[in-house]
Amino acid sequence: MLARRCNLPTAPAGRSAGWNPVRACTSTSRRSIRVAAQAQPSQAAEVASSSGDGSSGQKTFHHGITYVSYEGNCFWVKFNNSGARVLVDPWLVGDLSFFEQGWLYTGKKRGFGGGSGVQIDVREVASDTDVVLITQWVDDHTHMPTLEAMPRDVPIIAQPEAAERIKPLGFKSLTTISPGQSMPLCGGKLQLRATAGALVGPPWSARQNGYALRELGVETPASLYYEPHCDFDASSLAGVGPVDVVVSPVQSVLLAGYPLLKGDTDLLKLLKLLQPKVLVPLLNADLDQEGKLTTLMSVRGSSLAADVRQQLAAAGLSGTKLEYPAPPGESLALAL
């Protein structure tokens, strides 16, 4: 498995307004992409010399996935073979608060907004997106200021309670999906399966969504699984694996001792179930945070690459490669 990272380009003269570095990055030429340190030069040459149609039997970026982190739970992914493009749990504008109670909790991105001076053009991102997926109804997944700024012709597929929140915004295509349900996406280019994800609320609450995505109609389909809390019902994952890529937190976040994210306790269980080729850590705890709730919050576990690799090796998962996201707004291209 090889990885390339595309450096964030600067706006050309006269194009600072509305310029979207991610769009430029994902459509850039081969010379603008650098091979990540994990790939040896001989491996890079092997990929560069492969045919691109998979006929050589070698791993190629054409049969892979391009991943862009927007921080928090939000990321954009392109399935390179089919060209299908998916935006997940979009938070693209402003800060994060729950129920508009910023005094209680405010999350700020480190790579965008605030002191960085870098803003995201929501409409440009939307123009490069075929479908939006939303896993949970809470604000760090259903970020209403972002959704209010999005064009209403972008199709959205959401967990049922999330869909109820979004419905008044008047999107032309808003579809609900619950754990155990499946549907085709992007004109039949992808198959989406919703799995039982995080338990948000009392024990009798319905679980929120995780998502398994798999390409359709191509010779070597790529697949990806995402659940933002590393919280899952193992029975709902029957038949999902093996997958190519798992996107999951690797740390736990606790609120007054209650685990909101379960990366340090449940990640290895998840990986043993799904046997992915690649783990992409979801660094959703890497925010600047303030407010009363932060005094009750703690992080457990390590996100350092050496520590995570050691855990994978000790669990007999040395076949799963660890690939961290590129810096926010930059593309990580994974050859599968």
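This briefing walks through the fold of one protein chain, from its overall make-up to its sheets, a helix and two buried loop residues. The model is predicted. Its secondary structure amounts to seven helices and 21 strands. Of the chain's 336 residues, 49% count as buried.

**The chain as a whole**

- Contacts that link distant parts of the sequence feature strongly here: among contacts between residues at least 6 apart in sequence, 63% join residues at least 24 apart.
- The chain exposes about 14,500 Å², and carbon and sulfur atoms supply 53% of that area.

**The seven-strand sheet**

- Seven strands make up an open sheet with mixed pairing, in the order 10-11-12-13-14-17-20. Strand 10 (182-185) and strand 20 (321-322) are its edge strands, each pairing on one side only.
- Strand 14 and strand 17 (residues 278-281) run parallel and are joined by four bridges. Across this pair, Ser248 stands opposite Pro281 in strand 17.
- Helix 6 (residues 263-274) packs on this sheet, where it touches strand 13, strand 14 and strand 17. The direction of helix 6 makes about 160 degrees with that of strand 14.

**Strand 10 and its hairpin**

- At the edge, the side chains of strand 10 alternate: Met183 and Leu185 point to one face and are buried, whereas Ser182 and Pro184 point to the other face and are not buried.
- Strand 10 pairs with strand 11 (residues 190-196) in the antiparallel sense, over four bridges. One facing pair is Leu185 and Leu190, the latter in strand 11.
- These two strands form a hairpin with four residues between them, and Cys186 in the turn has a positive phi of about 55 degrees.

**The three-strand sheet**

- A further open sheet has three strands in the order 16-15-19, with antiparallel pairing. Strand 16 and strand 19 (297-300) each have a single partner strand, so one side of each lacks a neighbour in the sheet. From one strand to the next, the twist averages 25 degrees.
- Four bridges hold the antiparallel pair of strand 15 and strand 16, and the bridge partner of Ser252 in strand 16 is Lys262.
- Helix 6 packs on this sheet too, touching strand 15, strand 16 and strand 19. Here the helix direction makes about 40 degrees with that of strand 16.

**Helix 6, seen from the helix**

- The buried residues of helix 6 are Gly263, Asp266, Leu267, Leu270, Leu271 and Leu274. Viewed down the helix axis, these buried residues fall within an arc of 145 degrees, so they line one face of helix 6.
- The buried residues of helix 6 pack against strand 13, strand 14, strand 15 (252-255), strand 16 (258-262), strand 17 and helix 7 (305-314).
- Just after helix 6 comes Gln275, with a positive phi near 50 degrees.

**Strand 7 and its partners**

- Strand 7 (residues 131-134) has buried side chains pointing both ways: Val131 and Leu133 to one side, Val132 and Ile134 to the other.
- Strand 7 pairs in the parallel sense with strand 5 (residues 84-88) over three bridges, and Val131 in strand 7 is the bridge partner of Val86.
- Strand 7 also pairs in the parallel sense with strand 8 (residues 156-158), over three bridges. In this pair, Leu133 stands opposite Ile157 in strand 8. The chain crosses from strand 7 through helix 4 (residues 144-149) to strand 8, making a right-handed β-α-β crossover.

**Two buried loop residues**

- Asp231 lies in the loop between strand 13 (223-226) and strand 14 (245-248). Asp231 counts as buried because its relative accessibility is 5%, under the 20% cut-off.
- Beyond neighbours within four places in sequence, Asp231 is in contact with Ala196, Gly197, Ala198, Leu199, Arg207 and Lys262. The C-alpha atoms of Asp231 and Pro259 are 9.7 Å apart, with the two residues 28 apart along the chain.
- Val138 sits in the loop between strand 7 and helix 4. At 12% relative accessibility, Val138 counts as buried.
- Setting aside neighbours within four places in sequence, Val138 is in contact with Arg165 and Val200. Val138 and Phe99 are 39 residues apart along the chain, and their C-alpha atoms are separated by 8.6 Å.

Key: Residues numbered from 1 in each chain as written. Predicted model: local features only at pLDDT ≥ 70, side-chain atom pairs only at ≥ 80, totals over all residues. Heavy atoms only, no water. Buried < 20%, exposed > 50% of the residue type's maximum accessible area, 1.4 Å probe, protein only. Contact = heavy atoms within 4.5 Å. Areas by Shrake-Rupley, 256 points an atom, 1.4 Å probe, with all protein chains shown as cover. Pairing = 2+ DSSP bridges. Axes fitted to C-alpha atoms, helices over the stretch in contact; angles between N-to-C directions. Arc of directions from axis to C-beta. Right-handed = clockwise from strand over helix to strand, strands pointing away.
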